[in-house]
Amino acid sequence: IYGFKFTGWKNNNYSMSAPFYLTSTDARSTGFTYKGKLHKAYQLGLGYYVFDEPCFFKVEYNSIFPSSTDDRKLNLYIQSHALNRMKERLDLHSPGNRNNELIGALNTREGIQIGNRNYIKFLSTQDMLLGYLPFIIIGDDLFILSFIPLCSPNVPEGKRLCEILNMTKDDLLFLGMDKMSFYQCTDFDAIPRLKNALIEAGLWHLTEFEPEKDIKEKLPPKSSAVIARFFEQNVPVPNKEEVLEIGRAHV
């Protein structure tokens, strides 16, 4: 875990200096068993920055489940899998922005239970819902397992979207709807069926996300050829090879 120390300004023989010291602290990890398999997770913490020593985060149980009277403090751990999924799906974010929003989500700790699974809402710095963090609690440890995008049929928004469009999880992944860039690079006015479905299912706000300037400048122009072809096919299961051929013809 990296951090830094700033010792303040120094005046030496009519010159000024401001020493910064980069610091590193060994990561803490632990193993846990989930669904019969052993997994590894890393404890979430902050390096030398605000505090005089590294700080490892803890949260109260009833800050996640407000109806509970259990106020014990839970250690926070995250799997590398969750960080990798965040990197893939929040592809309009810089690494620093992703980390800030992860810390923000854990600070607000808006928990939600869907079926028999527990999630923490993942919000942008503008309080825009971008996805969910599934987690489990074992003893005094909370483990974040992954990052789930809004289009996933495992969460309310994605479930409703799949019902409206009669789509499967594989269809969503094929089109790239699990990535934030999809909502910036698609001309939805050319695909009214998809646009209306996103609005009805509660995903339209993803199109209004404002990426950082240097990332936005690198995005390709908006297009719709491949995606429009996918929705035009009047067959129960669209022919993905044919869709791809149409897409290549427009490249």
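Me: Among contacts in the protein chain between residues at least 6 apart in sequence, what share joins residues at least 24 apart?

Reply: Such a share tells how many of the contacts bring together residues that are separated along the sequence. In this predicted model, 50% of the contacts between residues at least 6 apart in sequence join residues at least 24 apart. The protein chain in which these contacts are counted has ten helices and 15 strands, and its C-alpha atoms fill a box of roughly 75 × 55 × 30 Å along the principal axes.

Me: What percentage of the residues is buried, and what supplies the area that the chain exposes?

Reply: Burial is read residue by residue, with under 20% relative accessible area as the cut-off. By that reading, 41% of the 251 residues in the protein chain are buried. The chain as a whole exposes about 14,600 Å², of which carbon and sulfur atoms supply 50%.

Me: Which residues make the nonpolar surface patch?

Reply: A patch is read as a group of residues rather than one at a time, and here F4, F6, W9, M16, F20, L22 and Y49 make a nonpolar patch of about 880 Å². The elements that give two or more residues to this patch are strand 1 (2-6) and strand 4 (20-24). F6, for instance, is found in strand 1, and counts as partly exposed because its relative accessibility is 39%, which lies between the limits of 20% for buried and 50% for exposed.

Me: How many positive and negative side chains are there, and how many salt bridges?

Reply: Charges can be read first as totals and then as pairs. The protein chain has 29 positive and 30 negative side chains, with the centres of the two sets 4 Å apart, and the count of salt bridges comes to eleven.

Me: Where do R85 and E88 stand in relation to each other?

Reply: The two residues are separated by about one helical turn, because they stand three residues apart in helix 2 (residues 80-89). R85 forms a salt bridge with E88, and the closest N and O atoms are 3.0 Å apart. R85 is partly exposed at a relative accessible area of 24%, and E88 is also partly exposed, at 38%.

Me: Which parts of the chain does the pair of E200 and R160 link?

Reply: The side chains of E200 and R160 meet in a salt bridge with an N to O distance of 2.4 Å. This pair links distant parts of the chain, since E200 lies in helix 7 (residues 192-201) and R160 in helix 4 (residues 156-165), 40 residues apart. Salt bridges can also share partners, as those do that join D70, R72 and D140 into one network.

How values were computed
Residues numbered from 1 in each chain as written. Predicted model: local features only at pLDDT ≥ 70, side-chain atom pairs only at ≥ 80, totals over all residues. Heavy atoms only, no water. Helix = DSSP H or I, 4+ residues; strand = E, 2+ residues; numbered from the N terminus. Buried < 20%, exposed > 50% of the residue type's maximum accessible area, 1.4 Å probe, protein only. Contact = heavy atoms within 4.5 Å. Areas by Shrake-Rupley, 256 points an atom, 1.4 Å probe, with all protein chains shown as cover. Lys, Arg positive; Asp, Glu negative; His and termini not counted. Charge placed at Lys NZ, Arg CZ, Asp CG, Glu CD. Patch = residues over 30% accessible without salt bridge, like charges linked within 9 Å, V, L, I, M, F, W, Y side chains within 5 Å. Salt bridge = Lys/Arg side-chain N within 4 Å of Asp/Glu carboxyl O.
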